[in-house]
Amino acid sequence: MTPSSTSPAPAAGGGDPRDEEGRRRGVSRRGLFAAAGVTGAVGVTGAALGIGATSWPLGARAEKSGDTAAPADVVVPFRGEHQAGITTPAQDRLHMAAFDLVTDSRADLILLLKEWTRAAEEMTRGNKLGEGTDSYLAPPSDTGEAMGLSAANLTITIGFGRSLFEKPFLKIKDKMPAALEPLPHFPNDKLDPARSDGDIIVQACADDPQVAVHAIRNLARIGFSTVSMRWSQLGFGRTSSTSRAQATPRNLFGFKDGTANLTSEDAAGVDEHVWVPEGADPKAAWMTGGTYLVARRIRMRIEIWDRTSLQEQEASIGRTKTEGAPLSGGEEFTEPDFSAKGSRGELIAKDSHVRLAHPSTNEGVKMLRRGYNYTDGSDELGRLDAGLFFIAFVVDPRTHFTPMQNRLSAGDRLHVEYLQHVASGLYAIPPGAREGEYIGQGLFGA
Ligand SMILES: C=CC1=C(C)c2cc3[nH]c(cc4nc(cc5[nH]c(cc1n2)c(C)c5CCC(=O)O)C(CCC(=O)O)=C4C)c(C)c3C=C
Ligand SMILES: [Fe+2]
């Protein structure tokens, strides 16, 4: 079981790890609501906002989750050296959207980035947009569906695709990072261009799906006439832990996923494998403290997997299904021993996923995985369109993603037999915005 979507994960040592990381409890939409009492607040707040009590959805939600006494009002700070939503303990839900520019004005884009920064900061605090400034005669600044909900650990992470740098009127081509070179075609890729790439990426993660969706919807609304949405992706059930305080979740193949992931507690590992160091790319000094996001929509052949023996499933992964322990023995967090042999050869098969993805097979590289499960209905043959929306943050995709993906696509039993990559994106994620700055300021200037 993953931790409750409305409760912060307990820290191993007893405290709240999010507090340890410097997060703060803030006044939240739900906090205000709970303080006023659910029934009373519906009347007062609903009337003030011109919303009828019968259209207010929170009462039912709060009662159902039974959390009115202890609302999940944890706020992840938006500003900082690095953007939030990367080493932040992975929340339960994802809404990611890619946008394309529909303007030919550099000033329009800069204005949008400023407005998105302001809106993102407000929403991640759990605040309603345009509070106290809206006119009754104009559309509300906030679409409204998160009123009464807490900030739910919302993070908003913004980045830029290669196509953005190629727009002459933006005059940023000479600042394009070399690491944004297009990903190659990998064996067995069947990519849909309409679900891939995009000028700008926005990742919204939260412990409440409605909060994540609300964030993307409001940013899209603010961006009207400057950007249009190219594709979007909902995800549920995080498939990675990014903090040791989090229990390892499971992917849709039923295996623990994220056991050997980089975690925020491994500061040296994150510095080495995630954050772009000073001097990495003289043309793109603005990326110092940033990172690269690789997104891959990976369809999982669920129906075939479900007819596969447990032995074959475990051999494909290289770990046991129940415990997530390496097939060489031990428990979940025991290091795999790839030299261990049994009567039928290597205990961890040569073509198993963990062997081919392990740093020892990949020149020591690691990545910070932060993916989500997805389901999107079913196809014409009645098969689930489901899989893993793989997200990884890496210091340089040329060293930390492409070689590993080539190895996996060509020879990993999991990839060859049970997976198909159907969409792809690569984005430069600039560093965090400090007080008074906007996201991307280093690229575009004040
Ligand atoms: C290119 C990188 C990777 C892709 C794509 C990928 C897809 C993918 N993985 C699983 C399931 C598991 N992966 C596990 C470990 C693991 N996977 C990668 C990389 C990619 N996975 C790495 C770097 C690792 C860690 C290897 C190590 O250091 O041991 C595991 C085992 C548990 C764990 O450590 O997380 C599982 C299970 C699926 C289902 C999938 C695509 C749908
Ligand atoms: Fe994997």
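The buried residues of helix α5 pack against six elements: β2 (74-75), β3, β4 (155-161), α7 (209-222), β6 and α15 (441-444). This holds in a predicted model. The buried positions of α5 are L109, L112, L113, W116, T117, A119, A120, M123 and T124. The helix itself covers residues 106-124. Its 19 residues should span 27 Å at 1.5 Å a residue, because the expected span is 1.5 Å times one less than the number of residues. The end C-alpha atoms of α5 are 27 Å apart, in agreement with that value. G126 follows the helix. The phi of G126 is positive, near 90°.

Strand β3, one of the elements packed against α5, spans residues 93-101. The strand is mostly covered, with eight of its nine residues buried. β3 pairs with β5 (residues 200-206) through seven bridges. These two strands run antiparallel. Within this pairing, M96 has Q203 of β5 as its bridge partner. β3 also pairs with β6 (residues 227-238), here through nine bridges. This pairing is antiparallel as well. F99 is bridged to M229 of β6. Strand β6 also appears among the elements against which the buried residues of α5 pack.

Ligand 1 is surrounded by 28 residues. The closest are F255, T259, A260, A357 and L388. Several elements each supply at least two residues of this shell: β7 (291-300), α11 (353-357), β12 (384-394) and α13 (402-411). By type, the shell comprises 16 nonpolar, eight polar and four charged residues.

The protein chain as a whole has 446 residues, of which 46% are buried. It contains 15 helices and 13 strands. Contacts often link distant parts of the sequence. Of those between residues at least 6 apart, 75% join residues at least 24 apart.

Confidence varies along the chain. The mean pLDDT is 86, and 84% of the residues reach 70 or more. The model scores ipTM 0.99 and pTM 0.86. Over residues 1-72, however, pLDDT stays under 50. The model has 100 contacts beyond four places in sequence for this stretch. Where pLDDT is low, predicted coordinates should not be read in detail.

Terms used
Residues numbered from 1 in each chain as written. Chains lettered and ligands numbered in written order. Predicted model: local features only at pLDDT ≥ 70, side-chain atom pairs only at ≥ 80, totals over all residues. pLDDT = per-residue confidence, 0-100. Contact = placed C-beta atoms within 7 Å. Buried ≥ 20, exposed ≤ 12 C-beta atoms within 10 Å, placed from the backbone. Helix = DSSP H or I, 4+ residues; strand = E, 2+ residues; numbered from the N terminus. Pairing = 2+ DSSP bridges. Near = placed C-beta within 6 Å. Nonpolar A, V, L, I, M, F, W, Y, C, P; charged D, E, K, R; others polar.
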